[in-house]
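Biologist: I should be grateful for a close look at a single part of this protein. Please set one strand in its surroundings and then follow the chain outward from there.

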Amino acid sequence: IHRAMLAHDALSDETRAKIKKNKESVKVMMIDPAGLGGDRAVVGVRIGNYIDENIRVYRGLEYAALMDKLVIAIEEENPDAIVVDSTGLGFGVAGGLKKLYPYKVIEVNFGSKASKPEEYANIKAQMFYDLREEIVGKGSILLPMNDDIATELCSIHADDSDKTRRALEPKERTKIRLGCSPDLADMIAMS
């Protein structure tokens, strides 16, 4: 049994208007790398409780070209921390960035064990449920006004077949429903 994690009304203008921007916090850059395939490499920044609207999206870049773009983005933004999806191609990207920014890079492998394994199937499920709580439960995160972000976030479905832990449906199902990989949603979940 699969069901949507978020409804579109949770991301409405009315909901967003209730949240005040808090810039008094750390600046975190989130990177969801991609290479020559159909997925997008996505780079975003979270400052305090909001995701900056200046989201960088790259398509079809070879490793070296992607690394060049990422270094430029990091130098421009000067984040306190850099969270990188180290799944697949991201493994090499995270490793390359760790050499350049050894004290800033935090690797996240979406398939790895959750910090609360008794509650979540993997770290990706934990991150998306935490994000859902920030959006729906606390109403504490301010997302950019972007239809693609809203569509992707609302396309992430829970998988209720595991009766003991929270899980997400396989990414392949989300890709079929969306017609693309939910790269923007993945980037935001890493925040």
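**A strand and its surroundings**

Modeller: Of the 191 residues of the protein, 48% count as buried. The model is a predicted one, and it holds 7 helices and 8 strands. Among the contacts with a separation of 6 or more, 62% are between residues 24 or more positions apart.

The part chosen here is strand β3, residues 40-47. Of its 8 residues, 8 are buried, so the strand is largely enclosed by the rest of the structure. The side chains fall into two sets: Arg40, Val42, Gly44 and Arg46 point one way from β3, while Ala41, Val43, Val45 and Ile47 point the other way. Both sets are buried, and thus the two arginines, Arg40 and Arg46, are buried along with the valines.

The strand pairs with several partners, taken here in turn. With strand β2, residues 27-32, β3 forms 6 bridges in the antiparallel sense. Within this pairing, Val28 has Arg46 as its bridge partner in β3. Strand β5, residues 56-59, also runs antiparallel to β3, and 4 bridges join the two. Here Ala41 finds its bridge partner in Tyr58 of β5. Finally, β3 pairs with strand β4, residues 50-51, over 2 bridges, again in the antiparallel sense. The β4 partner of Arg46 is Ile51. Arg46 is therefore bridged to Val28 of β2 and to Ile51 of β4. β3 and β4 form a hairpin with 2 residues between the strands, and in this hairpin Gly48 adopts a positive phi near 60 degrees.

Val28 also leads to a more distant stretch of the chain. Asn78 is 50 residues from Val28 in sequence, yet the two C-alpha atoms are 9.1 Å apart in space. Asn78 belongs to the loop between α2 and β6 (81-85). In contrast to the buried residues of β3, Asn78 has a relative accessibility of 53% and so counts as exposed, the cut-off being over 50%. Leaving aside residues up to four places away in sequence, Asn78 touches Lys27 and Lys104.

The loop that holds Asn78 follows helix α2, and this helix packs on another. The axes of α2, residues 63-77, and α3, residues 90-100, come within 11 Å and cross at roughly 45 degrees. That angle makes α2 oblique to α3. The crossing of these two helices is right-handed. From α2, the contact is made by Tyr63, Leu66, Met67, Leu70, Val71 and Ile74; from α3, by Gly92, Val93, Gly96, Leu97 and Leu100. By character, the residues of this contact are 9 nonpolar, 2 polar and no charged.

A second helix pair may be set beside this one. Helix α5, residues 147-155, and helix α6, residues 171-178, have axes 10 Å apart and pack at an angle of about 135 degrees. These helices are therefore oblique to each other. The crossing of α5 past α6 is right-handed. Thr151, Glu152 and Ser155 of α5 and Thr174, Arg177 and Leu178 of α6 make the contact. The residues here comprise 1 nonpolar, 3 polar and 2 charged, whereas the contact of α2 with α3 has 9 nonpolar and no charged residues.

Methods
Residues are numbered from 1 along each chain as its sequence is written. This is a predicted model: local features need pLDDT of at least 70, side-chain atom pairs count only at pLDDT 80 or more; totals for chains, interfaces and linings use all residues. Side-chain values use heavy atoms; hydrogens and water are left out. Axes are lines fitted to C-alpha atoms, for helices over the stretch in contact, and angles run from 0 to 180 degrees between N-to-C directions. Angles under 35 degrees count as roughly parallel, over 145 as roughly antiparallel, 65 to 115 as roughly perpendicular and the rest as oblique. A crossing is left-handed if the near helix is turned anticlockwise from the far one by less than a right angle, and right-handed if clockwise. Contact means heavy atoms within 4.5 Å. Ala, Val, Leu, Ile, Met, Phe, Trp, Tyr, Cys and Pro count as nonpolar, Asp, Glu, Lys and Arg as charged, and the others, Gly among them, as polar. Buried means under 20% relative accessible area, exposed over 50%, partly exposed in between (1.4 Å probe, protein chains only). Two strands pair if DSSP finds at least two bridges between them.
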